[in-house]
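Work through the exercises below with the sequence and the 3D view open. Try each task before reading its solution.

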Amino acid sequence: MPGTSRMPISLREGFNNARKRTRAGNPLALGVLNLDLIRNLVFFLFLLRWARRALWKLKGRGLLGTLLEVYLDLRRILYGYFLRLPGVRTTVRKQVDEAVSKLQSKLVPGTGTTRYLTLPKEGWDRDAVRKELETLASMDHTRWEDGYVSGAVYHGEDDLLQLQTEAYGKFTVANPIHPDVFPGVRKMEAEVVAMVLGLFNAPHGAAGVSTSGGTESILMACLSARQKAYFERGVTEPEMILPETAHVAFRKAGEYFKIKIHLVACPAPSYQVDTRRVGRLINSNTVLLVGSAPNFPHGIIDDISSLSKLALKKKIPLHVDCCLGSFLVPFLDKAGFESQPFDFRLKGVTSISCDTHKYGFAPKGNSTVLYRTQALRQYQYYVDPAWSGGVYASPGIAGSRPGALIAACWASLMSVGEAGYLESCTQIVGTTKKLIEHIQSHPILSTELEILGNPLVSVIAFKSKTLNIYDIADGMSAKGWHLNALQNPPAIHVALTLPIVKVWEKLAADLESVVEAEQEKERALVAEGKKAKGKSQQGDAAALYGVAGSLPNKSVVVELATGFLDILYKA
Ligand SMILES: *Cc1c(COP(=O)(O)O)cnc(C)c1O
């Protein structure tokens, strides 16, 4: 018995005795038998788990859907191997590098600017800093000031900007992590949340927090739902069910917080999420359902009433993303526009995200997430009672936060007021309706463009019936417009804001001339008998989405996008 030679005598004796007893069919034999039993049990549980997952999959996607998923996965994996073949790899690498350097020359001006890569030896005097700031602010850019940018700047009028800057100036050093040092900031933050809760008809006992933006609001709502399911139901493999059109921040939450994502189609003609399919995907690991009011890509409000019923029936939380709808959707009714139920008046809605920095007109870096109960809010808190730095408690991801931004948000809400938001809703949604009507009644636009679904708020998405919609997007870019390219299906959208309201007729006119020009090109090509357009004619959107749309494996697009992010930090 080599292994026992170094054992202390007493132990060795015990061991030997045990061996003797085993041979005699004594208690340890039972131990060996138990081990077999446990092994079988573990195997059985493994099988059970696997079978349960397979069943869930079949129930959720159907046999055909499951087979289709397997096929698409296989295709993606095989194409991934293909891309890694030595020859292919070098060609792809070269093309990606070329595209990235082209992008860099566009985004990072080379000659004619001084680059500051180290601290100045002596600090500049103030006038020098001011002068340089002026130069930076007036760098050549897409003109949001003239209404040429979809979304991005929602108000932009001087009087509000000035007030925000004053509010910011008064609270530059403030940090809500020290409520005793900055009591005014604590008060303003609580009041902002209270005002937004009121807008969304929150019931008694509801609660909320402010965050740095819509993405953080969504991350927090997902975290809260995950923690709730873990602590109340012991769910260790959380899943959530998203409309395909839900904001990408939910997918980010899935990645950050290890929540499995199920995407559900939002089919034509309504482009709302298919609630029946959502229902089929629910299982005991589901921690959250999601709907948008409205979604970013198409500006469509999902059927929140049906989702709410489903959530109540299955006893699962439901998040409604009103980040974009923000201060427009709560005013649709009052402004006399068609609306749909979306807020806490639907009993199944447990949380709502609302961006004060979109149609709430607060400066960027402001958003809120609202919960039906305080308990739900507490699931997003982080508390550590034992840290050597002291007992630590923070409501969300950030530790220190800019009190100045909260002050500027509070100032915006107070100065615009209910009447102001009602008026902007009337203007923005009213203009959106005019643009929709214009497109649908115009002899050329109506035959060429198809608006997706029935957008009730401020975003209009459209696809083209015969042309490449990305060529239209590039044509609009050439005229100075910044619209958003969408995919699945290929489309573009415009999110109307106060600056765009003033120039919507110019937008319509430019759209018309771009569509006409594209139709003309198409006719000329057909006359020449060429089917495919030369690559040299392609604009950026057409080039990117032409590639992205045709690839079974999007790793090349990931490389391009990663290169883009790297460029942002090119000093
Ligand atoms: C803008 C937006 C968000 C959040 O985006 P942030 O850029 O993080 O503020 C979330 N959902 C929708 C529908 C949005 O449009």
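A contact here means heavy atoms within 4.5 Å. The model is predicted.

**Exercise 1. The whole chain**

Task: Describe the protein chain by its secondary structure, box, burial, contacts, surface and charges.

Solution.
- Step 1: Take the secondary structure. The protein chain has 18 helices and 13 strands.
- Step 2: Frame the chain. Along the principal axes, its C-alpha atoms fill a box of roughly 95 × 70 × 60 Å.
- Step 3: Check burial. Of the 571 residues, 41% are buried.
- Step 4: Sort the contacts. Among those with a separation of 6 or more, 71% join residues 24 or more positions apart.
- Step 5: Turn to the surface. About 31,700 Å² is exposed, and carbon and sulfur atoms supply 59% of it.
- Step 6: Place the charges. There are 67 positive and 54 negative side chains. The centres of the two sets lie 13 Å apart.

**Exercise 2. The two sides of α10**

Task: Find which residues of helix α10 (residues 304-314) are buried, and state what they pack against.

Solution.
- Step 1: List the buried residues. They are Ile304, Leu307, Ser308, Leu310 and Ala311.
- Step 2: Look down the axis. These residues lie on the same side of α10, because they cover an arc of only 165° around the axis.
- Step 3: Turn the helix over. Lys309 and Lys313 are exposed on the other side of α10.
- Step 4: Find the partners. The buried residues of α10 pack against α9 (275-281), β4 (286-292), β5 (318-322) and β6 (349-354).
- Step 5: Leave the helix. Lys315 follows α10 and has a positive phi, near 55°.

**Exercise 3. The surroundings of Gln380**

Task: Is Gln380 buried or exposed, and which polar partners does its side chain have?

Solution.
- Step 1: Locate Gln380. The residue sits in the loop between α11 (374-378) and β8 (382-384).
- Step 2: Apply the cut-off. Buried means under 20% relative accessible area. Gln380 has 3%, so Gln380 is buried.
- Step 3: Find the side-chain partner. The side chains of Gln380 and Tyr371 make a polar contact at 2.9 Å.
- Step 4: Find the backbone partner. A polar atom of the Gln380 side chain lies 2.5 Å from the backbone oxygen of Pro395.
- Step 5: Widen the view. Beyond four places in sequence, Gln380 touches Val209, Met220, Leu223, Ser224, Val369, Tyr371, Pro395 and Gly396.

**Exercise 4. The surroundings of Asn553**

Task: Work out where Asn553 lies and what its side chain reaches.

Solution.
- Step 1: Locate Asn553. The loop between α17 (540-550) and α18 (555-568) holds this residue.
- Step 2: Check its burial. Asn553 is buried, because its relative accessible area is 10%.
- Step 3: Follow the side chain. The Asn553 side chain reaches the backbone oxygen of Arg76 at 2.9 Å. One of its polar atoms lies 2.8 Å from the backbone nitrogen of Ser555.
- Step 4: List the contacts. Setting aside neighbours within four places in sequence, Asn553 is in contact with Arg76, Tyr79, Gly80 and Leu83.

**Exercise 5. Arg93 and a distant partner**

Task: How many residues separate Arg93 and Val556 in sequence, and how far apart are they in space?

Solution.
- Step 1: Place Arg93 in helix α3 (residues 86-107).
- Step 2: Classify Arg93. At 34% relative accessibility, Arg93 is partly exposed.
- Step 3: Compare sequence with space. Arg93 and Val556 are 463 residues apart in sequence. Their C-alpha atoms are 8.7 Å apart.
- Step 4: Follow the Arg93 side chain. This group makes a polar contact with the side chain of Asp97 at 2.9 Å.

Note on methods:
Residues numbered from 1 in each chain as written. Predicted model: local features only at pLDDT ≥ 70, side-chain atom pairs only at ≥ 80, totals over all residues. Heavy atoms only, no water. Helix = DSSP H or I, 4+ residues; strand = E, 2+ residues; numbered from the N terminus. Buried < 20%, exposed > 50% of the residue type's maximum accessible area, 1.4 Å probe, protein only. Areas by Shrake-Rupley, 256 points an atom, 1.4 Å probe, with all protein chains shown as cover. Lys, Arg positive; Asp, Glu negative; His and termini not counted. Charge placed at Lys NZ, Arg CZ, Asp CG, Glu CD. Polar contact = N/O pair within 3.5 Å; in protein donor to acceptor, adjacent residues only side chain to side chain. Arc of directions from axis to C-beta.
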